[in-house]
Amino acid sequence: MTETVAAVDLGATSGRVILGGFVDGKVQLRHVARFPNQHVRLHDGGRGGLHWNITELYRSVTSGLAQALREDSGVVSIGIDSWAVDYGLLRGGRMLGVPYHYRDERAADGVEAVHAGVSPQELYARAGLQHLPFNTLYQLAADQASGMLELADRALLIPDLIGYWLTGREVTEATNASTTGLLDARSRQWDTDLMARLGVPSDLFAPVLEPGAGVGPLLPEVAGEMGAPAGLGVTAVGSHDTASAVVAVPTTDDDAAFISSGTWSLVGVELESPVLTEAAREANFTNEGGVDGRVRFLKNVSGLWLLSESVRTWDGPGATDAQRTSDLSALISEAGAVTGPVTVFDATDERFTAPGDMPARITAWCEERGLQPPRTRPETVRSILESLAQAYATTIEQAERLSGKQIRTVHVVGGGSQNTLLCQLTADRTGRPVLAGPVEATAVGNVLVQARAAGVVSGSLEALRHIVSATFEPVRYTPRVR
């Protein structure tokens with residue numbers, strides 16, 4: 001690989017720096033650094049506020065990039081993606097406080113405040129965004145109530161904040177901007193009228209930048225610390241990690257749905273224009289920005305968070321060594337061997353959003369409805385995976401009906417594509433073949449957009465996906481008769 005790019009991929013529990021290049025028309029990835037991304041609880045005026053340890057995350061990013069530059073002198077670009085909706089507030093270029101975690105409970109009060117001024121129906125008609133209580137506009141309402149918003153002159157979403165510290169340039173990448181609830185779904189520009197009605201300054205967010213555009217060169221002091229060559233800079237990618245992941249769905253067929261499977265499951269289809277109907281709002285679908293002006297018409301469905309939180313509970317401080325679940329793959333295998341029926345619960349219920357004892361919440365959900373809760377750990381895992389697969393099936397049927405697009409296949413990308421039991425159950429419950437992979441879809445999409453901007457590869461979004469198809473052979477799961 002003579003010309004490479006560095007992809008910074010920040011997830012809710014860990015971050016990575018990955019080098020990407022091309023050999024014989026195929027993507028080549030090399031993992032350079034992996035680091036934890038652990039939230040912290042801070043005393044916030046009488047309660048424990050959930051925050052991101054953003055300065056430690058930035059330190060890990062710069063350290064990982066320095067390692068990448070030591071390993072490869074041919075790096076021509078850096079691209080950053082992360083989770084959506086969260087942000088840092090700044091005044092005069094300095095950060096005010098520590099960014100909140102989207103799972104913090106403060107945004108709940110913001111929902112009521114926003115809806116008192118603008119109805120959910122009008123919000124959807126403007127932004128086309130799925131109602132989630134932690135969406136950016138609700139978090140901003142909480143900041144407004146606390147007095148923090150009036151102190152700020154800028155808000156930067158997490159990947160843009162990292163990019164600002166690297167380059168000194170303030171921008172808002174379009175795909176992540178689309179998750180704020182303040183971006184016009186049709187124009188992909190800030191809805192300044194809506195901002196005014198909600199008391200959000202029209203210039204709080206930086207101008208919108210489309211994926212593939214240059215953010216700017218590294219600041220001299222940053223470049224010096226990392227040992228970067230002159231002129232190396234940051235390129236905007238699909239900075240919402242799902243936008244990057246969808247770039248790497250290995251198909252150019254128009255009859256496919258995607259599931260970006262990880263902590264969350266993002267289930268939907270790619271469209272040329274948003275669907276802003278009342279039926280789409282009632283079904284709680286979202287219209288998020290994609291690369292090359294596409295629309296990701298999807299629904300956020302709870303994902304493998306349910307499983308990871310269950311394991312965290314089982315392995316908690318009170319657990320003995322014999323009780324700990326050290327081998328997740330063995331537990332999934334045991335779940336696959338469960339022969340009796342297990343209860344399918346509503347994986348989209350908001351009670352499963354916050355951190356906590358997930359097995360106890362599943363038990364409570366079942367008991368409230370007179371249903372048999374899972375009794376063993378394998379049954380709990382099987383119940384979780386069956387429930388996720390059913391949520392996927394329901395969502396895909398809704399996406400087909402609301403978009404008018406006939407769906408014949410389902411592509412699963414991201415970490416969840418390695419969960420063979422979940423992929424098979426998804427095929428069974430959707431009644432459609434499932435094609436699983438690539439696992440590193442977000443990093444691949446990040447790399448492809450950077451590489452195209454740098455002239456290393458060329459062509460349309462479909463051309464980029466042809467590269468993915470040539471590189472990764474998906475695993476096929478055929479529906480079984482139930």
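**A tour from pocket to core**

Begin with the second largest pocket of this predicted model, which has a volume of about 440 Å³. To centre the view on this pocket, select Tyr100, Arg106, Ala142, Asp143 and Ser146, which lie closest to its centre among the 27 residues that line it. Next, colour the elements that give two or more residues to the lining, namely the strands β4 (39-44), β5 (47-52), β7 (87-91) and β8 (94-96) together with the helices α2 and α4. Of these, α4 supplies the largest share, seven residues, and by class the whole lining has 13 nonpolar, seven polar and seven charged residues.

From the pocket, move to helix α3 (residues 120-127), and select Leu123, Tyr124, Arg126 and Ala127, which are buried. Looking down the axis of α3, you will find that these buried residues fall within an arc of 165 degrees, so they line one face of the helix. Their cover includes α2 (107-117), α4 (136-146), α7 (192-198) and α10 (278-282), as well as the strands β16 (286-289) and β17 (295-302). Just beyond the end of α3, stop at Gly128, where phi is positive, at about 65 degrees.

Now turn to the largest nonpolar core, which has 74 residues, and select Leu10, Leu65, Ile78, Ile162, Leu166, Leu218 and Leu448, the members that touch the most others. Helix α1 (residues 54-71) makes the greatest contribution to this core, with eight residues. Zoom in on Leu218, whose contacts beyond four places in sequence include Ile78, Leu166, Met226 and Val234. Finish at a second, separate core of 50 residues, where Ala283, Trp305, Leu421 and Val434 are among the members.

Definitions and conventions:
Residues numbered from 1 in each chain as written. Predicted model: local features only at pLDDT ≥ 70, side-chain atom pairs only at ≥ 80, totals over all residues. Heavy atoms only, no water. Core = buried A, V, L, I, M, F, W, Y, C linked by side-chain atoms within 4.5 Å. Buried < 20%, exposed > 50% of the residue type's maximum accessible area, 1.4 Å probe, protein only. Helix = DSSP H or I, 4+ residues; strand = E, 2+ residues; numbered from the N terminus. Contact = heavy atoms within 4.5 Å. Arc of directions from axis to C-beta. 1 Å grid on protein atoms, 1.4 Å probe; cavity = no way out; pocket = protein on both sides within 12 Å on 5 of 7 lines; lining within 4 Å. Points joined across faces, edges and corners; volume = space filled by probe spheres on them. Nonpolar A, V, L, I, M, F, W, Y, C, P; charged D, E, K, R; others polar.
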